[in-house]
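Work through the exercises below with the sequence and coordinates at hand. Each task is followed by a solution in steps.

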Amino acid sequence: MKKLSDIQGVIFDYGGTIDTNGRHWAEVLWGKYEEIHVPVGKAAFREAYVHGERTLARFPFVKPDDNFRDVLRVKTRIQIDWLVENGKLSRGEADAEQYAVRIADGCYAYVLEVLKRTRPVVQTLSERYKLVLVSNFYGNIQAVLKDFALDGFFPRIVESSVVGVRKPDPAIYRLGVEAMGFPAGQVLVVGDSFSKDMVPAKQVGCKAAWLKGEGWGGEETDESLPDIVITDLSGLLSCLL
């Protein structure tokens, strides 16, 4: 594995990186849809997922004190309601509320299991490097980090709904570099999304580590752009320590 030198700080993405170890959240959710046998196809689910993300970006349904289980229940209820309203899921096929709760709670339990592997990586790096979190989130990332015992690792957080700029706009990573306080060339950005993390990170002059996992699909990528490519967050340790 390639060694990175002259790194003084690490900027982490959150969703899809720390919480799922490289697995896109659409795939995590779809896996739970299949597991509990929600009678919809993946194409319909994808539409519901996109609708839900756009809705949550526009309306403050998530409150600042909501933990991640709360977020998931809001998110899945929006998806299920959309599927019913658009005729993709019959009201007679299931109780929409129970579908939403079961999917949300299953995904929350999934994250708890993933964090057994990813939290120690973040903790180890926090003992050697300054860490900053840069995330597209809903205004409650502090509550989520506290719920998952991650809040002590990030002295500075740049959250899209707070700063008014979202990935893939490179401006959000410029804010991350400013929060870090080191030159961009001494900052490593770690994220799962090629277009939302790797491309803007390199545009602002950072080093980049792509956590390449189970993506959303249809995204053009170029493995020569990031400085390193890993398939598990623990791969960072051999590159940095």
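Buried means under 20% relative accessible area, exposed over 50%, and partly exposed in between (1.4 Å probe, protein chains only). The model is predicted: local features need pLDDT of at least 70, side-chain atom pairs count only at pLDDT 80 or more, and totals for chains, interfaces and linings use all residues. Residues are numbered from 1 along each chain as its sequence is written, and side-chain values use heavy atoms, with hydrogens and water left out.

**Exercise 1.** Classify the ring pairs that W30 forms with Y33 and with F45.

Solution. Step one is the rule: rings of Phe, Tyr and Trp (its six-membered ring) pair if their centres lie within 6.5 Å; planes under 30 degrees apart count as stacked, over 60 as edge-to-face and the rest as tilted. The rule gives 13 aromatic pairs. Step two: W30 and Y33 are 6.2 Å apart centre to centre with 25 degrees between the planes, a stacked pair. Step three: for W30 and F45 the centres are 5.5 Å apart and the planes at 35 degrees, so this pair is tilted.

**Exercise 2.** Place these pairs in the chain and state whether W30 and F45 are buried or exposed.

Solution. Helices (H or I, at least four residues) and strands (E, at least two) are DSSP runs, numbered from the N terminus. The tilted pair links distant parts of the chain, with W30 in helix 1 and F45 in helix 2 (residues 42–58), 15 residues apart. W30 and Y33 both lie in helix 1 (residues 25–35), 3 residues apart, about one turn of the helix. W30 and F45 are both buried, and Y33 is buried as well.

**Exercise 3.** Describe the surroundings of D197 in helix 8.

Solution. First, helix 8 spans residues 194–203. Next, the relative accessible area of D197 is 1%, so D197 is buried. Finally, taking contact as heavy atoms within 4.5 Å and leaving aside neighbours within four places in sequence, D197 is in contact with D13, K167, Y173, V189, G191 and D192.

**Exercise 4.** Which strands pair with strand 2?

Solution. Two strands pair if DSSP finds at least two bridges between them. Strand 1 (residues 9–12) runs parallel to strand 2, joined by 4 bridges; I11 has V132 as its bridge partner in strand 2. Strand 3 (residues 156–159) also pairs with strand 2 in the parallel sense, over 4 bridges. S135 stands opposite E159 in strand 3. Of the 6 residues in strand 2 (residues 130–135), 5 are buried.
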